[in-house]
Amino acid sequence: MTSTVGMILCGGFGKRLRPLTERVPKPLIEIKEDYTILDKQLFDFKNAGVNQVFLLTGFLSDKIRERFGDDYMGVKIEYVEEDKPLGTLNAIRLGMEAVGPGKQCVIRNGDVVADLNIKKMIESGEKSDHPLSIFITRMVSPYGIVEISGDRLVSFKEKPVLDYYINGGVYFSKGDIDFGDFDVGDIEKTVFPMYAKNNQLGYYQEDGLFWMAIDTSKELEEIRKEYQNREDKPWGYEKILINTEKYLTKELFIREGYQTSYHHHPQKDETMYILSGAGYIEFEDRKEYFGKNDTIRIKPLENHTIVAMENTVLHEISTPHPDDTVRVKDYYDIR
């Protein structure tokens with residue numbers, strides 16, 4: 001994989017989230033205590049192997065500099081500040097000038113929280129015949145829908161996944177972007193349609209993962225609810241669903257090509273229920289492969305790592321020992 005830089009659009013006013021965004025730039029809104037939208041995005045870049053990120057700032061730029069400085073967990077942070085807001089096109093143009101000619105990059109909207117596999121998107125973009133690619137995902141209806149038959153209503157569906165794809169707000173460029181005759185405006189309404197018309201625009205698709213653009217107080221409330229018992233990991237996330245005196249239930253999401261640490265539990269006895277995906281659990285003396293609907297038990301003191309060959313979601317049902325983990329080997333830099 002060729003060296004890739006990251007770029008995050010951080011200069012918007014966040015008008016629909018006022019008064020909160022009158023003193024805090026939208027990317028610095030906390031989705032859980034001391035963990036912002038921008039923390040999540042930089043964390044994902046780090047764990048995809050992107051070690052240099054350009055923050056395209058504007059409104060309240062100093063607040064972002066104060067928080068992150070020039071380093072985030074080993075990721076080098078650069079700033080490109082737009083003096084006057086002229087749309088995403090101009091911000092990205094300034095970013096590309098700072099990055100330098102011919103450098104491939106991943107560009108992200110600064111208000112999107114998504115669990116996509118950035119490393120896989122980069123690899124896909126490098127293999128593509130198209131110079132520019134957009135992450136797309138299936139749209140979840142913001143409303144419940146009804147089904148009708150003849151003159152009667154026959155069923156209800158609560159916010160189903162629709163047969164439409166949306167622009168997920170993450171873009172990959174193999175090198176320089178041709179901005180054509182456009183100087184200002186939103187790149188989604190100018191350059192992207194031009195690329196599409198010239199058959200130069202590809203896409204990277206992932207479905208069934210968490211995705212949300214935070215634009216309103218309702219969406220902010222939803223993302224904070226999602227993160228109430230969730231902790232992002234280099235390989236995906238871990239979320240506590242049930243925690244009682246008798247048992248503990250967690251949801252784990254592991255991205256394709258990633259794996260958990262090699263570890264064991266001194267007391268915890270756990271069973272993994274595979275909801276979707278495929279992979280294997282590697283023990284000291286064996287590998288146990290899994291697919292959807294499989295179950296695998298892991299006894300106390302058994303060293304193991306869970307490896308995902310596809311995006312995998314599983315439920316871990318165990319005895320109530322939430323902090324009972326001894327890491328033998330970590331596969332990622334977690335400083």
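This is a short dialogue on reading helices, sheets and empty space in a predicted model.

Visitor: Let's start with helix α4. Which of its residues are buried?

Guide: First the general idea: an α-helix has 3.6 residues a turn, so residues three or four places apart point the same way. Now this case. Helix α4 covers residues 118-127, and its buried residues are I118, M121, I122 and G125. They span an arc of only 100° around the axis, which puts them on the same side of α4.

Visitor: And what do the buried residues of α4 pack against?

Guide: One helix and several strands. The helix is α1 (37-47), and the strands are β7 (105-109), β9 (132-140), β12 (161-173) and β13 (201-205).

Visitor: Some of those strands must turn up in a sheet. In what order do the eight strands of the open sheet run?

Guide: In general, strands of a sheet pair through backbone hydrogen bonds, either parallel or antiparallel. Here the order is β5-β6-β4-β1-β7-β12-β9-β13, and the pairing is mixed. At the edges stand β5 (71-72) and β13, each with a single partner strand, so one side of each has no neighbour in the sheet.

Visitor: Can we zoom in on one pair? How many bridges link β9 and β12?

Guide: Seven, with the two strands paired in the antiparallel sense. To find your place on screen, look for V140, which stands opposite V161 in β12.

Visitor: What joins β15 to β16?

Guide: A hairpin, by way of two residues. These strands run antiparallel, with four bridges between them. One residue to click on is E231, whose bridge partner in β16 is E238.

Visitor: Now for the empty space. How do I read that?

Guide: Rolling a probe the size of a water molecule over the atoms shows where empty space is left. Take the second largest pocket, which holds about 580 Å³ of space. It has 32 lining residues, and those closest to its centre are K233, E238, K250, T325 and R327. Elements giving two or more residues to this lining include β15 (230-233) and β16 (236-243), the hairpin strands, along with β17 (248-254).

Visitor: What classes of residue line that second largest pocket?

Guide: There are 13 charged, ten nonpolar and nine polar residues in the lining.

Visitor: How many cavities of 30 Å³ or more are there?

Guide: The count comes to one. The largest cavity has about 30 Å³ of space. Its lining is D44, N47, A48, L116, I118, R255 and Y258, which split into four nonpolar, one polar and two charged. You've met I118 already, among the buried residues of α4.

Notes: Residues numbered from 1 in each chain as written. Predicted model: local features only at pLDDT ≥ 70, side-chain atom pairs only at ≥ 80, totals over all residues. Heavy atoms only, no water. 1 Å grid on protein atoms, 1.4 Å probe; cavity = no way out; pocket = protein on both sides within 12 Å on 5 of 7 lines; lining within 4 Å. Points joined across faces, edges and corners; volume = space filled by probe spheres on them. Nonpolar A, V, L, I, M, F, W, Y, C, P; charged D, E, K, R; others polar. Pairing = 2+ DSSP bridges. Buried < 20%, exposed > 50% of the residue type's maximum accessible area, 1.4 Å probe, protein only. Arc of directions from axis to C-beta. Contact = heavy atoms within 4.5 Å.
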